[in-house]
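Here are a few exercises to work through with the model open on your screen. Try each one yourself before you read the solution.

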Amino acid sequence: YALFKKSSLVFIIFTVCFSVWFMDLWKPWHRHNKGDHPFVWDVAQYYSYLPGTFIYNYDFTYHEDLKFFMNDAPLGNKMPKTTYGMSVLYSPFFAIGYKIALNQKSPLTGYSEPFSTAIHFGSIFYGLLGLLFLRNFLIKFYSELTTTITLAIVFFGTTLFCYILAFSEMTHGYLFMLFSAQL
């Protein structure tokens, strides 16, 4: 009963349920093609460290889906285009995806459905965790009602909604969580 007096926590619980229930609706990569995955554009760079390291044993040219773009360094060596920071945040859910793929006997390429779904779910988790951190900051200074309205506006009224549910593998939701954690 005391939980329902805290409308901001009820909103967070509602948002979690809403996100899990509708997470498949906004996945642009999850169409009728079974080979689709969310690892395109910048996400391909951020994510490629994980399969490149743990599946392909540091051979970043082995698999056609492994989008690890190497740039020429000044002394003629090759260096990656991005750093591995996002891979660190992806890694717990990559491990879950690996275990699921192993149990389901799915391809262990790092790009099969278990990996895609685990990373997508993990990205939503981080974005919603950011809402919880923001709530913990706001409640120190504002009323329960003001905090709830602010959280609703931030989630449903900004592009955060899109970057948590549709393009969740991009950095936006992760950065929102990290910035909210520092408040």
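**Exercise 1.** Find how many salt bridges the whole structure holds, and which side chains meet in a salt bridge.

*Solution.* Start with the rule: a salt bridge here is a side-chain nitrogen of Lys or Arg within 4 Å of a carboxyl oxygen of Asp or Glu. Searching the whole structure with that rule turns up one. The partners are R135 and E144, with 3.8 Å from N to O. Next, check the surroundings: R135 and E144 are both buried, where buried means under 20% relative accessible area, exposed means over 50% and partly exposed lies in between (1.4 Å probe, protein chains only).

Before going on, a word on the ground rules: this is a predicted model, so local features need pLDDT of at least 70 and side-chain atom pairs count only at pLDDT 80 or more, while totals for chains, interfaces and linings use all residues. Residues are numbered from 1 along each chain as its sequence is written, and side-chain values use heavy atoms, with hydrogens and water left out.

**Exercise 2.** Write down the order of the helices and strands from the N terminus on.

*Solution.* Helices (H or I, at least four residues) and strands (E, at least two) are DSSP runs, numbered from the N terminus. The protein has seven helices and two strands. Read from the N terminus, the order is α-α-β-β-α-α-α-α-α. While you're at it, note that 43% of the 183 residues are buried.

**Exercise 3.** Work out how α4 and α5 are oriented to each other, then do the same for α2 and α3.

*Solution.* Step one is the axes, which are lines fitted to C-alpha atoms, for helices over the stretch in contact; angles run from 0 to 180 degrees between N-to-C directions. The axes of α4 and α5 (residues 144–156) come within 10 Å and cross at roughly 150°. Step two is the naming: angles under 35 degrees count as roughly parallel, over 145 as roughly antiparallel, 65 to 115 as roughly perpendicular, and the rest as oblique. α4 and α5 are therefore roughly antiparallel. For α2 (residues 41–55) and α3, the axes come within 10 Å too, but cross at roughly 55°. That makes α2 and α3 oblique to each other.

Step three is handedness: a crossing is left-handed if the near helix is turned anticlockwise from the far one by less than a right angle, and right-handed if clockwise. α4 passes α5 in a right-handed crossing, and α2 passes α3 in a right-handed crossing too.

**Exercise 4.** Is S123 buried or exposed, and how far is it from L89 in space?

*Solution.* Locate S123 in helix α4. S123 counts as buried because its relative accessibility is 1%. Now go C-alpha to C-alpha: S123 and L89 are 34 residues apart in sequence and 8.8 Å apart in space.

**Exercise 5.** Place F121 and K105, and say how accessible each one is.

*Solution.* F121 sits in helix α4 (residues 113–138). F121 counts as partly exposed, because its relative accessibility is 39%. K105 is in the loop between α3 (85–104) and α4. K105 counts as exposed because its relative accessibility is 74%. One last thing to spot on the backbone: K105 has a positive phi of about 60°, although it is not a glycine.
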